[in-house]
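Student: Could you take me through one part of this model up close, and then show me how it fits with the rest of the chain? I'd like a single connected walk-through rather than a list.

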Amino acid sequence: MAKQFEGPILPFLRLDAAAALPKFRQVQDQLRMAILRGHLRAGTRLPASRILAQELGLSRQTLVRVLENLKAEGFLEARQGAGTFVSAALPPQSPKPRFAPAEGDAPPRLSRIGALSRSVSADIGQMEQKPFLPNQPALDRFPFAVWRKCWNAVTRGGRAAMGYGDVAGELMLRQRIAEYLALHRRDSCDPEQIVITPGGHAAFTLAALALADPGDGIWFEDPGPVTTSNLFRTLGLRLCPVEVDSDGMDVAGAMARHPDARLAFVMPSRHHPLGVTLSLPRRLALLEWARVNDTWIIEDDYDSEFRYDGAPLPSMRSVDSHGRVIYAGSFSKALYPGIRVGYLVLPPQLVGAFRNLSALIHRSVPVETQLALAEFIGGGHFASHLRRMRSLYAERRETFQQAGRIALGGLARVDCSESGLNALAWLEDGRDDRTAHRAALDAGLQCYPLSDYAIVTPRPGALILGYAGVPTERMTPYLGRLAEALSRQ
């Protein structure tokens with residue numbers, strides 16, 4: 001920074017030429033925060049606009065504009081013949097980092113849900129984009145140019161996408177989803193049965209809030225997805241773990257151990273993380289339990305689009321003749337996680353309640369995104385993208401299986417299910433999967449330990465590895481790196 005001729009040195013002022021924020025706003029915001037945080041105390045004299053302009057490489061007119069704006073906001077004051085000062089009317093500020101709790105402060109008083117949320121992990125978005133990250137689609141193969149054209153087509157020159165939109169979701173998108181489900185999932189529904197949500201977890205939240213009270217039980221597959229089990233716990237539901245075997249959820253065991261549950265959460269087309277499918281006899285038994293006991297089934301259709309041996313399996317909702325299934329889908333695996341669009345297909349008698357609850361909690365998913373997605377599906381691009389990705393992931397799955405058996409021989413047994421984006425590596429010789437997970441992270445790889453998904457039922461150690469986002473030519477080197485990490489345990 002240039003030499004300071006008058007006033008205090010302001011080393012906290014930094015301009016980022018690559019930032020979208022205009023430079024005058026960067027300076028203005030940084031000065032405001034310096035005052036609020038106590039770095040510039042009340043009564044402190046600022047350098048003249050000419051000096052600040054020289055230091056920052058900006059025009060004097062720009063700095064005058066910044067200072068005048070802060071005067072208007074009450075942060076600065078001008079004193080005739082003396083210069084510009086931090087307003088003396090401001091209360092004293094302690095120069096400690098913002099948001100840092102003071103030592104000895106008591107924990108904040110929270111609601112029951114707030115207190116529960118403090119005790120669970122919700123860092124799903126913090127995972128680094130490293131090789132073998134589970135549930136990761138091949139983002140580099142997404143048709144960005146086509147998506148941009150769809151986006152431009154529905155937003156160019158119109159105001160229709162600038163309002164709140166239908167609380168249940170834009171009709172055009174609901175129609176496209178209904179058409180897709182009928183054609184590709186063999187599951188016909190009316191667009192009026194669909195409610196659009198900001199992602200899959202928002203769909204689960206709506207279902208839990210609308211259909212169960214705090215303390216009610218929910219059947220949950222053990223092992224099962226950590227963030228979803230934590231979600232239901234935080235909402236006050238009583239988690240009822242149900243063992244999973246080669247036929248999926250043990251429905252008979254659940255009825256014997258948890259007969260009073262209000263909900264069942266199930267992934268029938270492809271269980272995560274074990275990759276098994278729920279057998280037809282168990283599907284029918286689950287539907288009968290829901291009918292007889294006036295309970296509800298939340299069907300998470302987890303990455304069912306990517307089945308490599310035959311067509312995708314029909315949903316459980318498609319064989320539900322009594323309206324007990326709430327079907328939840330999303331576009332996070334089929335397209336990309338950041339799109340944040342999910343949906344529910346509801347029994348007709350629940351549509352009104354879910355629409356209203358969605359309006360109160362979410363209001364609506366961004367209309368522009370919905371319309372662009374509707375255009376993307378209606379133009380045939382979604383189906384084409386799925387076909388390309390299914391072929392690509394099948395190739396990567398085969399490469400992973402072959403290279404994994406060689407690279408991990410004696411260390412882990414590779415297990416790829418017939419669908420999905422992930423594989424399991426069952427560790428040999430009693431290796432601990434949490435220790436193996438740390439070794440993989442140290443080697444620059446990413447995976448999840450199966451133990452983190454277990455609720456009460458212990459299982460042999462295994463690593464959950466995502467192969468879909470790994471280029472075929474990099475599979476063998478990355479698996480070699482994993483083998484080296486495991487051999488050092």
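Tutor: Let's start at the N-terminal end of one helix. Where α14 begins, a side-chain oxygen of D432 comes to within 3.2 Å of the backbone nitrogen of R434. Bear in mind that this is a predicted model, so how far can we lean on it? The mean pLDDT of the protein chain is 89, with 93% of its residues at 70 or more. The stretch to leave alone is residues 1-8, where pLDDT stays under 50; the model has 25 contacts beyond four places in sequence for them. Where pLDDT is low, the predicted coordinates should not be read in detail.

Back to the helix. α14 covers residues 433-442, and its buried positions are D433, A436, H437, A439 and A440. Those five sit on the same side of α14, because the arc they cover around the axis is only 165 degrees. The spacing rule is the familiar one: an α-helix has 3.6 residues a turn, so residues three or four places apart point the same way.

What does that buried side pack against? Its partners are three strands, β12 (422-427), β13 (448-449) and β14 (462-466), plus the helix α15 (472-487). On the way out, α14 is followed by G444, which has a positive phi, near 85 degrees.

Now follow the chain into the loop between β13 and β14, where you'll find V456. Is V456 buried or exposed? It counts as exposed, because its relative accessibility is 59%. Setting aside residues up to four places away in sequence, V456 touches D222 and P241. It also lies 9.9 Å from C240, C-alpha to C-alpha, although the two are 216 residues apart in sequence.

For a contrast, try Q136, in the loop between α4 (112-118) and α5 (144-155). Q136 is buried, because its relative accessible area is 14% and the cut-off for buried is under 20%. Beyond its neighbours within four places in sequence, Q136 is in contact with Q129, L421, A468 and G469.

Links across long stretches of sequence show up chain-wide too. Among contacts between residues at least 6 apart in sequence, 73% join residues at least 24 apart.

Next, the nonpolar interior. The largest nonpolar core has 60 residues, and F331 and F400 touch the most other members. Helix α13 (residues 381-407) gives the largest share of this core, seven residues. Around F331, leaving out residues up to four places away in sequence, the contacts are I177, Y336, I339, V341, Y343, L373, I377 and F382. There's also a second, separate core of 29 residues, including A208, I218, F232 and I326. In soluble globular proteins, nonpolar side chains tend to be buried together.

Zooming right out, the protein chain has 489 residues, 49% of which count as buried. Its secondary structure comes to 15 helices and 14 strands, and the C-alpha trace spans about 90 × 60 × 50 Å along its principal axes.

One last stop, back towards the N terminus: an unreviewed UniProt entry annotates residues 21-89 as "domain: HTH gntR-type". In the model, residues 21-89 are 52% helix and 12% strand, with the end C-alpha atoms 29 Å apart.

Note on methods
Residues numbered from 1 in each chain as written. Predicted model: local features only at pLDDT ≥ 70, side-chain atom pairs only at ≥ 80, totals over all residues. Heavy atoms only, no water. Buried < 20%, exposed > 50% of the residue type's maximum accessible area, 1.4 Å probe, protein only. Helix = DSSP H or I, 4+ residues; strand = E, 2+ residues; numbered from the N terminus. Arc of directions from axis to C-beta. Contact = heavy atoms within 4.5 Å. Polar contact = N/O pair within 3.5 Å; in protein donor to acceptor, adjacent residues only side chain to side chain. pLDDT = per-residue confidence, 0-100. UniProt positions renumbered as here; feature names shortened; annotations may be inferred. Core = buried A, V, L, I, M, F, W, Y, C linked by side-chain atoms within 4.5 Å.
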